[in-house]
Amino acid sequence: MYDIAIVGSGPAGVSAAITGKVRNKDILLLGDRSVSKKMRKAEKVLNYPGFPEISGAELADRFSDHLASLDIDITEDSITQIYDMGKYFALQGKSGSTYEARTVILAMGVVAAKAIEGEEENLGMGVSYCATCDAPLYRGKTAAVIAYSAKEEKEAEFLAELAEKVIYIPVYKGCSGFERENITVINEKVVSIGAKGKTVITENSEISTDGVFVLRDSVAPKNLIYGLEMDGAHIKTDRQCRTSVKGVFACGDVTGKPYQFAKAVGEGNTAVLSAVDYLDDKAVQ
Ligand SMILES: Cc1cc2nc3c(=O)[nH]c(=O)nc-3n(C[C@H](O)[C@H](O)[C@H](O)COP(=O)(O)OP(=O)(O)OC[C@H]3O[C@@H](n4cnc5c(N)ncnc54)[C@H](O)[C@@H]3O)c2cc1C
């Protein structure tokens with residue numbers, strides 16, 4: 001049981017992790033070992049104090065070194081669902097692992113992909129974000145996989161070990177197919193997902209299935225945890241980075257513009273200090 005689980009290892013999550021560790025809390029930092037792929041794309045950063053001309057990749061390396069100096073590891077996993085268990089939160093990872101923490105900080109950056117029509121309505125009722133977690137439900141059945149990157153091919157192969165048939169619909173270019181005979185690749189644009197995930201409607205056909213896996217790098221925040229209030233595409237927070245769910249805080253691009261390193265780092269600091277206050281208040285209750 002961790003004190004604080006931080007979902008996202010970009011500048012906001014790293015900042016939260018550093019201060020959380022300095023404040024002696026037991027923290028779990030979840031995300032991408034690279035720190036943030038988005039951050040690494042910045043060719044030249046001109047507005048980060050103390051580093052007048054640094055690339056995003058160099059700044060990310062500095063962040064990694066800082067984490068290492070405090071013995072903070074990044075646990076490489078993508079969180080697909082968070083359950084409020086009352087006294088703690090259970091976080092389900094794409095890897096199949098479940099983590100437990102008394103508080104959660106959401107620092108996932110902005111989610112680019114728009115939900116598919118029918119995806120959110122049927123989530124948990126025929127639509128899943130995690131092949132490792134839900135594959136056993138499709139033993140001997142048909143499962144459709146709508147995949148947003150080539151790394152999901154491994155997930156489809158795992159699913160095909162249990163399912164009788166896997167229909168793989170890549171949303172990316174360059175899928176060269178599978179050796180397993182029970183995986184069929186359909187290169188068609190997805191239009192919507194039918195009730196209870198029983199169909200996938202593409203521009204040319206209606207595909208029958210027993211369920212649908214939508215596999216992308218990140219999950220829209222409102223689908224991650226029940227009761228999370230949004231402000232458009234962003235998580236609604238107050239100035240202490242508290243969300244509408246008690247014990248859950250948010251920071252960085254996920255809370256809205258400006259999308260900037262300094263803002264993400266500042267909010268990471270605020271969010272973790274609010275989490276520390278929350279834990280301390282609970283301890284005296
Ligand atoms: C090309 C480019 C240039 C830029 N240049 C500048 C600049 O010069 N100055 C500036 O201030 N800003 C710049 N930015 C903006 C800056 O990169 C962002 O504001 C900053 O990275 C936001 O940090 P963040 O931690 O909120 O999110 P991100 O950096 O997006 O990090 C989010 C992290 O969360 C992880 N994650 C997402 N979902 C999950 C999940 N479900 N479970 C676990 N982990 C998850 C991701 O893998 C990622 O590691 C630039 C952005 C781009 C794209």
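This is a short tour of the structure, stop by stop, with something to select at each one.

Before you start, note that residues are numbered from 1 along each chain as its sequence is written. The model is predicted, with local features needing pLDDT of at least 70, side-chain atom pairs counting only at pLDDT 80 or more, and totals for chains, interfaces and linings using all residues.

**Stop 1: the two domains**

Colour residues 2-111 + 218-284 as domain 1 and 127-215 as domain 2, following the domain assignment of the protein; such bounds come from an automatic or database domain assignment. The C-alpha centres of domain 1 and domain 2 lie 30 Å apart. Six residues from domain 1 and four residues from domain 2 make up the contact, where two residues count as in contact if their C-beta atoms, placed from the backbone, lie within 7 Å. On the domain 1 side, the residues touching domain 2 are one nonpolar, four polar and one charged. Here Ala, Val, Leu, Ile, Met, Phe, Trp, Tyr, Cys and Pro count as nonpolar, Asp, Glu, Lys and Arg as charged, and the others, Gly among them, as polar.

**Stop 2: around the ligand**

Now select the ligand and its surroundings. The shell holds 32 residues, and the closest are G8, G10, S36, G109 and G252; a residue is near a molecule or strand if its C-beta atom, placed from the backbone, lies within 6 Å of it. Highlight α1 (11-22), β2 (27-31), α2 (37-40) and α7 (261-284), since each of them supplies at least two residues of this shell. Helices (H or I, at least four residues) and strands (E, at least two) are DSSP runs, numbered from the N terminus. By class, the shell has 16 nonpolar, twelve polar and four charged residues.

**Stop 3: two hairpins in a row**

Select strands β4 (residues 79-84), β5 (residues 89-93) and β6 (residues 98-106). Strands pair if DSSP finds at least two bridges between them. β4 and β5 are antiparallel, over five bridges, and I82 stands opposite L91 in β5. Four residues separate β4 from β5 in their hairpin, and in the turn you can find G86 with a positive phi of about 95 degrees.

Moving on, β5 runs antiparallel to β6, with four bridges joining them. A90 has E100 of β6 as its bridge partner. This hairpin also has four residues between its strands, and G96 in the turn shows a positive phi of about 100 degrees. Is β5 mostly covered or open? Four of the five residues of β5 are buried, that is, 20 or more other C-beta atoms lie within 10 Å of their own, against 12 or fewer for exposed and a count in between for partly exposed, with C-beta atoms placed from the backbone.

**Stop 4: the parallel sheet**

Next, show the open sheet of five strands with parallel pairing, in the order β7-β14-β8-β9-β10. The edges are β7 (127-128) and β10 (183-185), each with a single partner strand, so one side of each has no neighbour in the sheet. Strand β9 (residues 165-170) pairs with β10 in the parallel sense over three bridges, and I167 stands opposite T184 in β10. Add helix α5 (residues 152-162): this helix lies across β8 (142-147), β9, β10 and β14 (212-215), at about 175 degrees to β8. Axes are lines fitted to C-alpha atoms, for helices over the stretch in contact, and angles run from 0 to 180 degrees between N-to-C directions.

**Stop 5: the antiparallel sheet**

Then turn to the open sheet of three strands, β11-β12-β13, which has antiparallel pairing. Its edge strands, β11 (190-193) and β13 (206-208), each pair on one side only, and the twist averages 25 degrees from one strand to the next. Three bridges link β11 to strand β12 (residues 199-202); I193 has V200 as its bridge partner, while S192 has I201. Five residues lie between β11 and β12 in their hairpin, with K196 in the turn at a positive phi of about 55 degrees. On the other side, V200 has I207 in β13 as its bridge partner, and a hairpin of three residues joins β12 to β13.

**Last stop: Y226**

Finish in the loop between α6 (221-224) and β15 (230-231), where you will find Y226. Why does Y226 count as exposed? Because Y226 has 11 C-beta neighbours inside 10 Å. Y226 and V214 are twelve residues apart in sequence and, C-alpha to C-alpha, 19 Å apart in space.
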